[in-house]
Each structure stands twice: as structure tokens, then as C-alpha cells.
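Subject: Handover of a structure and notes on its contents

Dear colleague,

Please find below the structure that I am handing over to you. My notes on what was found in it follow directly after.

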Amino acid sequence: MFTGIVEELGELTGVEALPDAARLTIRGKVVADGARHGESIAVNGVCLTVVDATEDAFTADVMKETLDRSSLGALTPGTLVNLERAVRADQRLGGHIVQGHVDGTGTIIAREPAEHWEVVRVSLPQGLARYVVEKGSIAVDGVSLTVVDVRDGEFSVSLIPTTLELTTLGFKRPGDPVNLEVDVIAKYVEKLVGAHAEGQA
């Protein structure tokens with residue numbers, strides 16, 4: 001589990017094509033330090049399992065399902081990525097519960113700079129719209145954010161200077177894809193309410 005608080009900007013340094021998969025090598029001194037085989041690291045919001053690690057880099061295999069459902073398949077060497085290690089039980093939950101299981105991708109529609117923050121509008125796949133609510137939580141490329149508003153097929157978030165400086169959202173441009181993970185609690189509530197309405201609970 002993750003919290004959506006990005007620890008560092010890493011760099012994709014290598015992509016190896018595998019049958020129905022890819023092996024990524026990512027440089028990130030903070031998250032790679034002490035990383036061991038089998039541990040989880042979120043890359044742009046996608047939970048990946050460490051295959052191997054050095055002092056400043058790690059490798060992870062990405063299956064076809066993940067490549068198809070997220071934006072990882074379009075990454076090329078030199079691309080910067082958001083990195084976060086799995087949260088420990090004794091840590092503060094600074095963002096919200098993020099599983100690293102991407103629900104779909106959106107596209108940056110527009111950026112609206114203000115004096116101390118920036119409003120970013122993102123397209124919202126139709127199947128995910130029911131889980132996104134004003135003032136609710138959403139993970140965008142692994143960054144825990146509060147939804148400002150929701151319109152037909154899109155939503156907006158406000159980015160503070162720290163987020164603009166320390167994550168990929170600071171330099172994403174209109175037309176760029178982003179990974180989206182909606183609040184998992186909303187999905188469980190929907191399932192339970194639906195089962196109750198059908199007399200299954």
C-alpha cells in the first residue's frame with residue numbers, strides 16, 4: 001500500500017522487451033537504497049515488484065495487463081517518473097490509501113497558473129466518473145490529490161508549489177497521459193450497496 005506522497009523523481013534508464021512484458025530499469029537513489037528483491041515501489045502510481053536493485057537503481061518487470069492499462073508502456077529512457085516506496089505500518093498516512101492498481105489513464109487537458117498554485121484539468125474515462133467526487137481523493141501518476149470539481153468527462157485538481165517542483169505533474173503538458181487510481185473505498189461501497197440492493201447482503 002502507498003499514500004500518494006512522492007518520495008523522489010526518478011529516471012527511467014532502460015527498457016527491455018520481454019514476451020508479453022517489459023523489464024524497466026529506474027534510477028532513484030532514495031527508493032533504491034536498501035531495496036530488496038520482492039519489495040514494492042510505485043512508479044507513476046503503478047505498484048511494481050523489485051527484481052533486482054543496486055545502490056541507486058532497481059529493475060522491475062511489467063506485465064502486458066499493466067502496460068495496456070497504464071501509461072508505463074509509452075515511457076522511454078530518460079523519462080522522469082514519480083517514485084514511492086510502500087508505506088510501513090508505523091508511518092503517518094500523509095495522503096490517502098493508494099494501492100498502486102491503476103484504474104485507467106486520463107489526459108492533461110489544460111493548465112491554469114495562479115499566483116501560488118496551478119489548476120490542472122484532466123480527462124476522466126467514463127467508467128471511472130462515478131467514483132470521483134468534489135473534495136474527494138484521487139491519485140494522478142501516483143500523487144495523492146484532492147478533487148476541486150468534476151464535470152462531464154473531466155475533473156480538476158490544484159497543485160501547490162511543492163507538488164509542482166517535486167513531481168512529474170509540474171512539467172506535464174496538455175495532451176500528456178497520466179495514470180489514474182480512484183479511491184478504493186468508493187469501489188467497495190458501490191459493491192456492498194449493490195449487493196444489498198439485490199438481496200445478497
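In these notes, helices (H or I, at least four residues) and strands (E, at least two) are DSSP runs, numbered from the N terminus. Residues are numbered from 1 along each chain as its sequence is written, and side-chain values use heavy atoms, with hydrogens and water left out. Please bear in mind that this is a predicted model, in which local features need pLDDT of at least 70 and side-chain atom pairs count only at pLDDT 80 or more, while totals for chains, interfaces and linings use all residues.

The barrel

Two strands are said to pair if DSSP finds at least two bridges between them. In this model, 6 strands close into a barrel in the order β1-β2-β5-β4-β3-β6, with antiparallel pairing. From one strand to the next, the twist averages 45 degrees (axes are lines fitted to C-alpha atoms, for helices over the stretch in contact, and angles run from 0 to 180 degrees between N-to-C directions).

Strand β1 (residues 8–18) and strand β2 (residues 21–27) run antiparallel and are joined by 7 bridges. Within this pair, Glu11 has Arg27 of β2 as its bridge partner.

Strand β3 (residues 40–43) has two antiparallel pairings to describe. With strand β4 (residues 46–53) it shares 4 bridges, and Val43 stands opposite Val46 in β4. With strand β6 (residues 80–85), β3 shares 3 bridges, and Ile41 stands opposite Arg85 in β6.

Two loop residues

β3 and β4 form a hairpin with 2 residues between them. Asn44, in the loop between these strands, has a positive phi of about 50 degrees although it is not a glycine. Is Asn44 buried or exposed? Asn44 is buried because its relative accessible area is 2%; buried means under 20%, exposed over 50%, and partly exposed in between (1.4 Å probe, protein chains only).

Lys135, in the loop between β8 and β9, also is not a glycine and has a positive phi, of about 70 degrees. Lys135 is exposed, with a relative accessible area of 57%.

The nonpolar cores

A nonpolar core is a set of buried Ala, Val, Leu, Ile, Met, Phe, Trp, Tyr and Cys residues joined through side-chain atoms within 4.5 Å. The largest such core has 20 residues, and Ile138, Val140, Phe155 and Leu180 have the most contacts inside it. At least two residues of this core come from each of β8 (118–123), β9 (137–140), β10 (143–151), β11 (154–159) and β12 (177–182). A second, separate core has 17 residues, among them Val31, Leu72, Leu75 and Val102.

Strand β11 also holds Ser158, which is partly exposed at a relative accessible area of 34%. The C-alpha atoms of Ser158 and His96 are separated by 16 Å, and the two residues lie 62 apart along the chain.

The surface

Met1, Leu93, Ile97, Ile185, Val189 and Val193 make a nonpolar surface patch of about 520 Å². Patches are made of residues with over 30% relative accessible area and no salt bridge (a side-chain nitrogen of Lys or Arg within 4 Å of a carboxyl oxygen of Asp or Glu); like charges are joined within 9 Å, and nonpolar side chains (Val, Leu, Ile, Met, Phe, Trp, Tyr) within 5 Å. Accessible areas come from the Shrake-Rupley method with a 1.4 Å probe, and for residues only the protein chains shown count as cover. Val189 of this patch lies in helix α4 (residues 184–197) and is partly exposed, with a relative accessible area of 44%.

With kind regards
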